[in-house]
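Grab your viewer and a pencil. Here are some short exercises to work through with the model open.

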Amino acid sequence: MNTSSISIVFIIIFCCFSSIPVNSQTDSCASNLNLNRQLPFDPTALHCAPVWNSHNFILRYVQTSPNLWSFVLSAPDANSYVAIGFSNNGFMVGSSAVVGWVSATDGSAQIKQYFLREQSPTQVLPDSGNLNITYSMAMSQSSRLYLAFQLLIDQPSSRLIYSVGPVGRLPSAPSYQLTEHRDKVSTALNYNTGQTSNQNPHSELRKSHGILNMLGWGVLMIIGGMVGRYCKQWDPVWFYAHVGIQSLGFTLGLSGVICGFVLEDRLSAHVSTHKGLGIFILALGCLQVMAILARPDKSSKVRKYWNWYHHTVGRILMVFAIANVFYGIHLGEKGTGWNAGYGITLAILFIISLILEIRLWMRK
């Protein structure tokens, strides 16, 4: 092959590769923000912070005037929505979010404010919230999704929540309902230094609240009930074991309820259903304690009515305790790990109870 032929081959290869579009999903605070659209603020004055490294979220912000803040959120454009929420307590519920997306089919861009009233998608309300947005824009450029907006506010919340939606499931008219995010993170941003950190407010107190209630009301109360029903042949050991286990469960459960009240006060959380169920369970537990103190003698005529009352209230307590534990896991956004762990525990206790129940009926 002569020199001219080699040159022609190199020219053809160069033309082929130069015609392939370059899809860059990189953005960093070292690069300049160069959007192909005029913004109502100076992009060169923006402070920059990498806020979610696992999803390559970059946040740029600046205080444009004493009561006006400008933001630009950058994330990979993966045919999914991206969101930034402003929260008072680090939780999604009760926060207001700016959500944007660009359709992969027609290239249309949308940006909306949502109010997260509850966790269920139907309670995430579009065109609602407490953010006073004076300007907003969403666009896709170089395989990056950019959300630019301005807030009329003296000082934005430092507790920011970021989320990314499922691929290919974008909100659409007329409801613009959001599907559940595929990932999220709660952070704290120092607007002066630009430092951001993952934020899990009062995580130890939340964990204590969950573990104490789960172990007290949701596990020990069940084990104590099993001892009372299946171990009566070992009299009087079964009675002291039953009272001891139930007393320990009540003490742990009461401690968990107290942690819940403290947690609600610190977070200003709106969990009326969970709180109501917890108070109801605590009331049933107190009734059981009083029933033990007022237990009639075996020879008494009212003993059978007392037994009926004691057993019925105990079973109702267990059912509501199990339901409230799962509901608390849902509210705490602990995911499948906690659900699976508690579910497996209940399954083991159920199998043991089933075996003991069969043996009990065989003895009868």
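Below are a few tasks, each followed by a worked solution. One thing to keep in mind throughout: this is a predicted model.

**Exercise 1. Find how the axes of helix α4 and helix α5 are arranged, and what classes of residue make up their contact.**

Solution.
- Step 1: pick out the two helices. α4 covers residues 272-293 and α5 covers residues 303-331.
- Step 2: look at the axes. They come within 9 Å and cross at roughly 155°.
- Step 3: turn the angle into a word. Angles over 145 degrees count as roughly antiparallel, so α4 is roughly antiparallel to α5.
- Step 4: get the handedness. α4 passes α5 in a left-handed crossing.
- Step 5: sort the contact by class. Between α4 and α5 there are 16 nonpolar and nine polar residues, and no charged ones.

**Exercise 2. Now do the packing of helix α2 against α5, and list the residues that make the contact.**

Solution.
- Step 1: locate α2, which is residues 203-230.
- Step 2: read the geometry. The axes of α2 and α5 are 9 Å apart, and the packing angle is about 155°.
- Step 3: apply the cut-off again. Over 145 degrees is roughly antiparallel, and therefore α2 and α5 get that label relative to each other.
- Step 4: check the handedness. The crossing of α2 past α5 is left-handed.
- Step 5: list who takes part. From α2 you should have N213, M214, W217, G218, M221, I222, G225 and R229; from α5, R315, L317, M318, A321, I322, V325 and I329.
- Step 6: classify them. The α2 and α5 contact has 10 nonpolar, three polar and two charged residues.

**Exercise 3. Is E357 buried or exposed, and which side chains does it join in polar contacts?**

Solution.
- Step 1: place the residue. E357 sits in helix α6, residues 335-363.
- Step 2: take its relative accessible area, 17%. Buried means under 20%, so E357 is buried.
- Step 3: go through the polar contacts. The side chain of E357 has one with the side chain of Y230 at 2.6 Å, and another with the side chain of W361 at 2.8 Å.
- Step 4: drop the sequence neighbours within four places. E357 is then in contact with R229 and Y230.

**Exercise 4. Work out the surroundings of Q113, starting with its burial.**

Solution.
- Step 1: find Q113 in strand β6, residues 109-116.
- Step 2: its relative accessible area is 13%, so Q113 is buried.
- Step 3: follow its side chain to the backbone. The backbone nitrogen of N130 is reached at 3.3 Å, and a polar atom of the Q113 side chain lies 2.8 Å from the backbone nitrogen of L131.
- Step 4: widen the search, again leaving out neighbours within four places in sequence. The contacts of Q113 include S96, A97, L125, D127, N130, L131 and I133.

**Exercise 5. Scan the backbone: which peptide bonds, from A173 and from D235, are cis or trans, and what is phi at N79 and at D127?**

Solution.
- Step 1: start with the bond from A173 to P174. Omega is near 5°, and the bond is cis. P174 lies in the loop between β10 (159-164) and β11 (183-189).
- Step 2: move to the bond from D235 to P236, which is cis with omega near 5°. P236 is in the loop between α2 and α3.
- Step 3: turn to N79, in the loop between β3 (68-76) and β4 (82-87). Phi of N79 is near 60°, positive although the residue isn't glycine. With 25% relative accessibility, N79 counts as partly exposed.
- Step 4: finish with D127, in the loop between β7 (124-126) and β8 (133-141). D127 isn't a glycine either, and has a positive phi of about 55°. Its relative accessibility is 57%, so D127 counts as exposed.

**Exercise 6. How far apart are the C-alpha atoms of V243 and I58?**

Solution.
- Step 1: locate V243 in helix α3, residues 237-267.
- Step 2: check exposure. At a relative accessible area of 25%, V243 is partly exposed.
- Step 3: take the separations. V243 and I58 are 185 residues apart along the chain, and their C-alpha atoms are separated by 57 Å.

Notes: Residues numbered from 1 in each chain as written. Predicted model: local features only at pLDDT ≥ 70, side-chain atom pairs only at ≥ 80, totals over all residues. Heavy atoms only, no water. Axes fitted to C-alpha atoms, helices over the stretch in contact; angles between N-to-C directions. Helix = DSSP H or I, 4+ residues; strand = E, 2+ residues; numbered from the N terminus. Parallel < 35°, antiparallel > 145°, perpendicular 65-115°, else oblique. Left-handed = near helix turned anticlockwise from the far one by under 90°. Nonpolar A, V, L, I, M, F, W, Y, C, P; charged D, E, K, R; others polar. Contact = heavy atoms within 4.5 Å. Buried < 20%, exposed > 50% of the residue type's maximum accessible area, 1.4 Å probe, protein only. Polar contact = N/O pair within 3.5 Å; in protein donor to acceptor, adjacent residues only side chain to side chain.
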